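Work through the exercises below with the model open. Each task is followed by its solution.

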Amino acid sequence: MKNIMNLIETLNWRYATKRMTGEVVPQDKINNILEAIRLSASSLGLQPFNVIVIDNLALKSKIQPVAYNQPQIVESSHLLIFAAWENVTQEKIDAYLNQIAEERGVSLESLAGFRGSLEGLLKRSQEDNYNWAARQAYIALGTGLIAAANEGVDATPMEGFNPAGVDELLGLKEKGLRSVSFLTLGYRDAEKDHLASAKKVRRSAEDFYINL
């Protein structure tokens, strides 16, 4: 029960931080957050997205204008960009199946049924697969938020940016990726952020849950 209560307390502590101090987050904390994101749930285990890690201030400064000049971009210690695959390909499916066979010590033949499930994705449109991949990225984003709070690191999930501008700036199209969301990591500037001391407001349990 103690661990559960600590998680609830941690989630009450976190909020979408609007202003950060620029203080650098220790690398071990960043590594833990990134590993939690890597281990996050993903449909079929495919992880059809990449996470771009940026700690370079000059690059963050170039990104800020295509993110509506939001201050967290440059005030953060690290900026994570979740970028979904533009499409699922046979090559990516084969690479994933080969990894499973190698790491679990099983034959590719034994994975025939699972291969069928994966290759079902190839029958869908590219846009359907991209939208599915983007939803998978959001699951990992949520894991990243919780992991950051667990490390005592502030985080801000962000959709307020021009995806096409970000993709062009970072050359994501050439990598078969499209930017979906940002996660800034850092430490809150309580003096500048009016929300730092504000009470967290969420719908009541009675209004939120529907028991059938």
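**Helix spans**

H7 has 25 residues and runs 36 Å from its first C-alpha to its last, close to the 36 Å expected at 1.5 Å a residue. The expected span is 1.5 Å times one less than the number of residues. Helices are DSSP runs of H or I with at least four residues, strands E runs of at least two, numbered from the N terminus. This is a predicted model: local features need pLDDT of at least 70, side-chain atom pairs 80 or more, while totals for chains, interfaces and linings use all residues. Residues are numbered from 1 along each chain, and side-chain values use heavy atoms, without hydrogens and water.

**Exercise 1.** Find the buried residues of H2 and where they lie around the axis.

*Solution.* Buried means under 20% relative accessible area, exposed over 50%, partly exposed in between (1.4 Å probe, protein chains only). The buried residues of H2 are Ile30, Ile33 and Ile37. Down the axis they fall within an arc of 65° (directions from the axis to the C-beta atoms), so they line one face of the helix. Their cover includes strands E1, E2 and E4 and helix H7.

**Exercise 2.** Which parts does the salt bridge between Arg178 and Glu127 tie together?

*Solution.* A salt bridge needs a side-chain nitrogen of Lys or Arg within 4 Å of a carboxyl oxygen of Asp or Glu. For Arg178 and Glu127 the closest N and O atoms are 3.4 Å apart. Arg178 lies in strand E4 and Glu127 in helix H7, so the pair ties together parts 51 residues apart in sequence. Arg178 is partly exposed at 24% relative accessibility; Glu127 is partly exposed at 39%.

Conventions: Contact means heavy atoms within 4.5 Å.
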